[in-house]
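Hi there,

Here is the structure I promised to pass on to you. Have a look at it first, and then read my notes below.

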Amino acid sequence: MADSAPYITLRKGEEDISDEALVLRYRPGSASLGVPPAAALRYPDERPEDRDHEGILYARVTQSLNAAGRPVGQPIWPKVHPSRQRECMGEMLCHYCKGEPSHTAAGTLFLDVVGPEQRAKPDWPEGSFTFQPPLCLPHAKKAVDDCGHGHRHGGFTGLRVLEPRWHGVLGTPYQDSAGRPKATRTGAGRNTEVIPFNHPHKRLFLGTQYALALHDVTVVDLAAEFAAADLT
Ligand SMILES: [Zn+2]
């Protein structure tokens, strides 16, 4: 069933093939200016879609798509496919159906998954980050009804956002390991962090998801919006 999981959700069989393909390229420095040579991540057969508008490189993950361009296969909750997440963030599409998200005078609809501590912060949700692109109203209802991840993390809050701003990129910093790119690690595994698009070490960073900062935000009553739209 084409509608059984969000468009951005990773599917069984889709594999991250970045590490076999990544190489380092060295940019010459300048002795007179005191600038050392700098290593940068690249793919030998790079395509325009491998980088964003700021030149940051992104993970390559295979895609299992049907003839209509919809992902197929068992969803791997709560993992996200990097290209499909960027596509929905870049064009502000519903991350479930790739259609137009819900817009009202209060803004575009996002769902936030935060616990009581974050909600208790004085400025929340103004300026908060999200990696989840917006939703149309029927798919916000479906997410609220179906998504165990959201319920395990304190439930969903509906946010209407007038000014979503690019914040940066979630991904992994790499190191130059004797001429080979090596992902940095923490005790728990591959290190992941969010950097701004203009980060000085962005050339050694492999991105996976766009991060959006939410401004001019209104918390909305989702149940009332669903009822008004006859979504039961
Ligand atoms: Zn939708």
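What follows is a short tour, from the whole chain down to single residues.

Please keep in mind that this is a predicted model.

**The whole chain**

The protein chain has six helices and 14 strands. Its radius of gyration is 20 Å, close to the 17 Å that the globule rule gives for 232 residues, so the chain is as compact as a globular protein of that length. If you draw a box around the C-alpha atoms along the principal axes, it comes to roughly 65 × 45 × 35 Å. Of the 232 residues, 29% count as buried. Contacts often link parts that are distant in sequence: among those with a separation of 6 or more, 73% are between residues 24 or more positions apart.

**The core**

In soluble globular proteins, nonpolar side chains tend to be buried together. Here the largest nonpolar core has 33 residues, and the members that touch the most others are Leu41, Phe110, Leu135, Ala140 and Leu214. At least two residues each come from strand E4 (57-58), helix H2 (82-91), strand E7 (107-113), helix H4, strand E9 (156-177) and strand E14 (205-220). Which of these gives the largest share of the core? That is E14, with six residues.

Leu214 is a good residue to click on. Leaving aside residues up to four places away in sequence, Leu214 touches Phe110, Pro125, Gly127, Ser128, Thr130, Leu159, Val161 and Pro164.

**Two helices to compare with the picture**

Start with H4, residues 137-146, where His139, Ala140 and Ala143 are buried. Looking down the axis of H4, you will find its buried residues within an arc of 110°, so they line one face of the helix. Ala140 is also one of the core residues that touch the most other members.

Next, turn to H2. Its buried residues are Pro82, Arg84, Gln85, Arg86, Cys88 and Met89. What do they pack against? Their partners are E4, E5 and E14.

**Some backbone details**

Most residues other than glycine have a negative phi, and most peptide bonds are trans. With that in mind, here are four places to visit.

- The peptide bond from Trp77 to Pro78 is cis, with omega near -10°. Pro78 sits in strand E5, residues 75-80.
- The bond from Trp124 to Pro125 is cis too, with omega near 0°. Pro125 belongs to the loop between helix H3 (116-119) and strand E8 (129-130), and you have already met it as a contact of Leu214.
- Met92 follows H2 and has a positive phi, near 50°. You can find Met92 in the loop between H2 and strand E6 (103-104).
- Ala178 has a positive phi near 50° as well, although it is not a glycine. Ala178 lies in the loop between E9 and strand E10 (180-183).

Are these last two residues buried or exposed? Met92 has 15 other C-beta atoms within 10 Å, so it counts as partly exposed. Ala178 has 5 such atoms within 10 Å, so it counts as exposed.

If you have time for one stop, try Leu214 and follow its contacts, among them Phe110 and Leu159.

Enjoy exploring, and write back with any questions!

Best wishes

Methods
Residues are numbered from 1 along each chain as its sequence is written. This is a predicted model: local features need pLDDT of at least 70, side-chain atom pairs count only at pLDDT 80 or more; totals for chains, interfaces and linings use all residues. A residue is buried if 20 or more other C-beta atoms lie within 10 Å of its own, exposed if 12 or fewer, and partly exposed in between; C-beta atoms are placed from the backbone. Helices (H or I, at least four residues) and strands (E, at least two) are DSSP runs, numbered from the N terminus. The arc is that of the directions from the helix axis to the C-beta atoms. A nonpolar core is a set of buried Ala, Val, Leu, Ile, Met, Phe, Trp, Tyr and Cys residues joined through C-beta atoms within 7 Å. Two residues are in contact if their C-beta atoms, placed from the backbone, lie within 7 Å. The radius of gyration is taken over C-alpha atoms; the globule rule is 2.2 Å times the number of residues to the power 0.38.
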